[in-house]
Amino acid sequence: MRSWSAHDVPVLPGQGPQLRLYDTSDRQLRPVSPGRTATMYVCGITPYDATHLGHAATYLTFDLINRVLRDGGHDVHYVQNVTDVDDPLFERAQRDGIDWRDLGAREIELFREDMTALRVLPPRDYVAATDTIGEVVTLVERLLAVGAAYRVDDPEYPDIYYRVGATDWFGYESGLDRAQMTELFAERGGDPDRAGKADELDALLWRAARDGEPSWDSPFGPGRPGWHVECSAIALNRLGVGFDIQGGGVDLVFPHHEFSAAHAEAATSARRFARHYVHAGMIGWDGHKMSKSRGNLVLVSRLRALGVDPGAIRLGLFAGHYRADRFWTDEVLAEATVRLGRWRAAAALPAGPDTTDLITRLRGYLADDLDTPKALAAVDGWVTDALEYGGHDTAAPGSFAAAVDALLGVAL
């Protein structure tokens with residue numbers, strides 16, 4: 001599937017320190033140690049509505065990681081999926097009287113436009129679930145063969161499920177106990193009450209065909225993939241097991257990321273799907289988490305239509321740390337807009353203070369678990385010097401704008 005367009009990223013002199021990120025499974029900061037090519041998989045959208053600021057915060061987090069890795073001399077093989085076959089998509093399409101494929105295509109295109117406007121570097125592989133049915137079928141066959149999956153005893157709907165106990169270490173990523181898992185499983189797309197399951201936490205791998213739903217042929221009958229196995233198959237077939245970073249929003253830790261890792265581990269006998277599990281916090285509005293079900297969404301496309309500069313959206317989201325749950329407010333946007341204006345005014349000066357120390361500080365702060373509040377403060381300090389004391393002949397023309405572009409993705 002077509003990704004979105006890329007922009008040139010300036011190359012800065014030198015390199016920064018090794019990137020360290022908080023690992024969800026280990027509950028601590030750990031260094032990211034890729035080879036020449038860093039590998040990263042980030043879960044994409046289910047395209048039944050427009051991109052909101054919660055989505056944007058997640059993809060901007062991994063855009064920063066992408067930029068830091070590139071600045072460190074790595075090529076980056078970035079993979080992202082699109083869950084273009086799932087219940088929320090069908091429900092929204094039925095509600096709006098539109099074919100689910102047309103709805104998905106429309107929202108995917110809007111997502112591309114939003115990501116381009118936000119200057120998010122595109123994935124090398126942008127993969128639709130509907131284009132990988134054969135890969136999912138192969139993985140489900142493997143899980144059946146090793147005893148990690150089973151078919152429920154239901155002659156009408158013989159769905160296939162993953163055995164939650166197929167690996168001894170299930171639960172290592174989230175660190176949740178059984179009661180917590182059960183509660184979240186029911187809240188986040190699981191079906192604990194499905195008759196015929198061996199365990200209420202067993203996760204759907206293949207949903208047998210139902211009337212009115214799309215289906216594809218398979219050796220175990222027509223149907224469609226479950227949610228988690230889609231990401232397992234896409235990542236395994238493009239990055240292999242043991243890739244560097246699996247990422248997404250913190251709401252994906254369980255059940256989605258726990259199960260997508262478990263499927264791959266059970267199928268390959270690997271101990272760990274990804275070397276690093278990284279998750280971004282939630283964005284709230286009007287006192288609540290931003291969500292489609294609550295209807296309190298701040299849409300990127302709506303802000304753009306109102307004339308909000310995408311650079312201000314980036315800066316507003318970077319004002320808080322990526323792992324923190326935080327609120328978007330009118331004040332956050334106003335402060336980001338003022339900040340962007342000051343930065344652009346400084347970039348327009350014929351010369352400014354030397355940028356060597358600024359680049360060093362930016363690299364250091366970003367390498368320390370993406371400490372964007374400190375990074376923004378460092379730029380603010382440079383900008384204040386430039387604006388209050390005037391231009392100097394110490395900074396090469398454009399070096400300030402290049403540094404901000406390369407490391408923070410903000411165009412000045």
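1. UniProt positions are given here in the numbering used for this chain, and its annotations may be inferred rather than shown by experiment. With that said, an unreviewed UniProt entry marks residues 45–55 as a short sequence motif, the 'HIGH' region. In this structure, which is a predicted model, the C-alpha atoms at the two ends of residues 45–55 are 8 Å apart. Helix makes up 27% of that span and strand 0%.

2. On the domains: the protein is divided into domain 1 (20–285) and domain 2 (312–319 + 329–408). Their centres, taken over C-alpha atoms, are separated by 35 Å. Domain 1 contributes 20 residues to the contact and domain 2 contributes 17 residues. Between them the two domains bury about 1,600 Å², and 63% of this is on carbon and sulfur atoms. On the domain 1 side, Leu64, Arg67 and Asp71 lose the most area to domain 2, together 32% of what that side buries.

3. On the interior: the largest nonpolar core has 73 residues. The members that touch the most others are Leu21, Leu53, Ile65, Leu317, Val379 and Leu408. Helix 1 (residues 53–71) supplies the largest share of this core, 10 residues. Both domain 1 and domain 2 give the core at least three residues each. Apart from this core lies another, of 44 residues, including Val136, Phe170, Leu184 and Ala233.

4. Which residues does valine 379 touch, not counting those up to four places away in sequence? They are Trp343, Leu358, Leu362, Phe400, Val404 and Leu408. Leu408 is, like Val379, among the core members that touch the most others.

5. Arginine 163 sits in the loop between strand 7 (160–162) and helix 5 (178–187). Its relative accessible area is 33%, so arginine 163 counts as partly exposed, the range between under 20% for buried and over 50% for exposed. With neighbours within four places in sequence left aside, arginine 163 is in contact with Gly147, Ala148, Ala149, Tyr150, Ala198 and Asp202. Alanine 262 is 99 residues from arginine 163 in sequence, yet their C-alpha atoms are 9.7 Å apart in space.

6. One open sheet has three strands in the order 13-12-14, with mixed pairing. Strand 13 (288–289) and strand 14 (326–327) are the edge strands, each pairing on one side only. Strand 12 (residues 283–285) and strand 13 run antiparallel and are joined by two bridges. Tryptophan 285 has histidine 288, in strand 13, as its bridge partner.

Terms used:
Residues numbered from 1 in each chain as written. Predicted model: local features only at pLDDT ≥ 70, side-chain atom pairs only at ≥ 80, totals over all residues. Heavy atoms only, no water. Helix = DSSP H or I, 4+ residues; strand = E, 2+ residues; numbered from the N terminus. Core = buried A, V, L, I, M, F, W, Y, C linked by side-chain atoms within 4.5 Å. Buried < 20%, exposed > 50% of the residue type's maximum accessible area, 1.4 Å probe, protein only. Domains from an automatic or database assignment. Contact = heavy atoms within 4.5 Å. Pairing = 2+ DSSP bridges. Buried area = accessible area lost by both parts, 1.4 Å probe.
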